[in-house]
Amino acid sequence: GSDAKFCFITETMSREEFERLYPDAIPEDWDRIGTGDHGPTWYAGKMVRVAEWWQIEQEKTTLNAWASGAITYGKDMPPDMVAGEQPLKTREIYRRKVVCRKICGHAVLEETQWAGKYIPIARAVGNDDEVDGKIIVSGLVRGAKDAQRMYNYWASQEVEMLALAPKAPFIGAAGQFEGFEHKWSTANTTNYAYLEYNAVTDEAGGLLPPPQRVMPPQPSAGIIQAKLGASDDIKATTGQYDASLGARGNETSGRAIMARQREGDTGTFHYVDNLSRAIRHVGRIIVDLIPHIYDTPRIVRILGEDGEPDMVQFNPNLPTAHQEGDDAQGIKAIYNPSIGQYDVAVSVGPSFTTKRQEAADAMMQMTQANPALWQVIGDLLVRNMDWPGADDMAKRLKVTLAPQVQQAIGDEGQQQIPDAVKQDIAAAHQHMQEMQQQMQAMQQELLKAQQEAADAKKQESLEAIGLMIKHYQAETDRLKAMGPTLAPEQAAVVDQQLVQSSLHSPSQPEQGIPL
């Protein structure tokens with residue numbers, strides 16, 4: 001139905017509701033113009049039928065192509081047009097326009113123009129057959145109606161036979177019930193603790209057996225077999241067998257069980273296929289509307305296949321169709337839906353939850369066959385389990401993985417750090433850099449102070465050495481002055497003192513001071 005040219009959606013409301021919504025409207029009768037349904041179909045008693053009439057109209061206009069690559073219709077101008085610029089090419093076209101009119105009879109109550117180019121109605125059908133030029137639409141139960149009628153008939157026959165069958169009577173010899181007729185006549189409706197009877201003998205004088213109940217008639221085996229056959233016919237016409245409905249079989253492995261459960265997909269796949277076509281058309285309608293509705297910048301929340309939410313931005317002023325978002329602001333990407341053309345893809349198959357369960361079963365079988373794999377995929381196995389706390393348990397198991405595995409997935413783990421944690425880490429890193437700069441400045445000040453202290457100590461040492469030199473020089477001068485007046489043996493002692501004085505002189509430690 002994606003190429004439909006018109007469509008009606010009808011609803012029935014009370015006259016009071018109609019008058020409240022449309023106080024100025026007067027219901028018109030189709031009989032007055034001689035076309036359409038008769039009035040009673042639209043005005044039945046106190047009810048009024050209102051219909052939405054969707055129609056595609058072809059509007060003649062001009063298509064303009066500009067040097068910037070922009071395309072406009074009619075007298076519309078591109079936003080980046082230069083003054084006095086003319087379009088490169090123009091041609092006459094018919095442009096689709098979707099109009100919705102709400103009518104009651106042939107009276108138009110409202111009229112609006114739809115922003116998109118498709119009628120916003122997706123047609124999902126079951127069986128769509130063409131017989132002699134006529135479309136016959138049917139559902140899953142159409143072919144099973146006769147089999148269901150037969151099943152109901154034979155089930156009713158079985159119930160009737162059991163319900164209307166007389167309750168088993170008691171058979172006894174004449175005279176055995178005398179005096180106890182009331183109890184025996186109500187034995188089928190009242191529960192007695194015991195039943196008395198008269199012992200009766202036969203002609204030979206022997207006792208006759210006590211009264212006995214006759215077994216009731218059993219249901220016919222033909223009725224039961226016919227009912228089972230009708231049940232199998234229902235399964236065959238609908239394609240839903242016992243395994244598809246959850247009945248247990250002889251299978252033991254999960255793969256074999258799922259294969260039997262999917263047997264019904266063979267006969268009913270076209271229903272899912274038709275539904276996927278309808279969903280795909282709904283996607284086209286939405287994609288066609290997005291540029292018209294999202295005409296201002298906004299941030300929207302999207303869901304991935306696994307149900308995890310993300311934030312993206314729609315910005316019609318973006319010069320490109322797509323741009324990477326800002327992780328610091330939590331925006332994954334930025335899109336301009338007015339640039340480019342988009343299509344919709346629908347995949348028919350198990351949902352993400354089913355895939356996760358199948359993945360968990362497969363990994364469980366792998367770890368059972370090779371327990372060493374637990375040190376490699378243990379966290380993934382637990383994450384795919386469907387129980388509360390599975391994610392937290394998976395994070396803890398990830399710490400216990402083999403070191404080489406943790407090293408291999410290190411980059412992946414860094415990518416999974418939340419944005420808020422990344423901001424905290426960046427702030428801490430910046431603070432550490434500032435502290436390091438301060439420490440370097442303090443170290444330079446400390447070195448400078450140490451250098452100054454060393455220079456001061458060196459100066460004090462030089463002054464002390466100068467004083468010692470002056471002292472040795474004065475002593476040398478004194479001994480030289482005493483030399484001519486001393487005896488030879490005294491002069492030798494003085495020479496030895498001069499030599500020792502010169503050897504201990506801080507200014508000349510290697511050379512003696514001559515006399």
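Among contacts in the chain between residues at least 6 apart in sequence, what percentage join residues at least 24 apart? In this predicted model, the share is 51%. The chain has 515 residues, of which 20% count as buried. Its secondary structure amounts to 14 helices and 14 strands. An area of about 36700 Å² is exposed by the chain, and 55% of that area is supplied by carbon and sulfur atoms.

Strand E5 spans residues 89–104 and is paired with two strands considered here, E3 and E6. Strand E3, residues 47–65, runs antiparallel to E5, and 15 bridges join the two. Within this pairing, Leu63 lies opposite Arg91 of E5. Strand E6, residues 107–113, is likewise antiparallel to E5, with 6 bridges between them. The hairpin formed by E5 and E6 has 2 residues between the strands. In this hairpin, Gly105 adopts a positive phi near 70°. Cys104 has Ala107 of E6 as its bridge partner, and Arg101 stands opposite Glu111 in E6.

Arg101 belongs to strand E5. With a relative accessible area of 12%, Arg101 is buried, because the cut-off for this class is under 20%. The side chain of Arg101 makes a polar contact of 2.8 Å with the side chain of Glu57. When residues up to four places away in sequence are not counted, Arg101 touches Ala51, Glu52, Trp53, Gln55, Glu57, Val108, Glu110 and Glu111. Glu57 is thus listed among the residues touched by Arg101 and is also its partner in the polar contact. Glu111, another of the residues touched, is the residue opposite Arg101 in the pairing with E6.

Two cysteines, Cys100 and Cys104, were also examined for burial. Cys100 counts as buried at 10% relative accessibility. Cys104 is buried as well, with a relative accessible area of 0%. The structure holds 0 disulfides. A disulfide is a covalent bond between the sulfur atoms of two cysteines. For Cys100, the closest cysteine sulfur is that of Cys7, at 9.9 Å, which is too far for a bond. The cut-off for a disulfide is 2.5 Å between the sulfur atoms, so Cys100 and Cys7 do not form one.

Note on methods: Residues numbered from 1 in each chain as written. Predicted model: local features only at pLDDT ≥ 70, side-chain atom pairs only at ≥ 80, totals over all residues. Heavy atoms only, no water. Pairing = 2+ DSSP bridges. Helix = DSSP H or I, 4+ residues; strand = E, 2+ residues; numbered from the N terminus. Buried < 20%, exposed > 50% of the residue type's maximum accessible area, 1.4 Å probe, protein only. Contact = heavy atoms within 4.5 Å. Areas by Shrake-Rupley, 256 points an atom, 1.4 Å probe, with all protein chains shown as cover. Polar contact = N/O pair within 3.5 Å; in protein donor to acceptor, adjacent residues only side chain to side chain.
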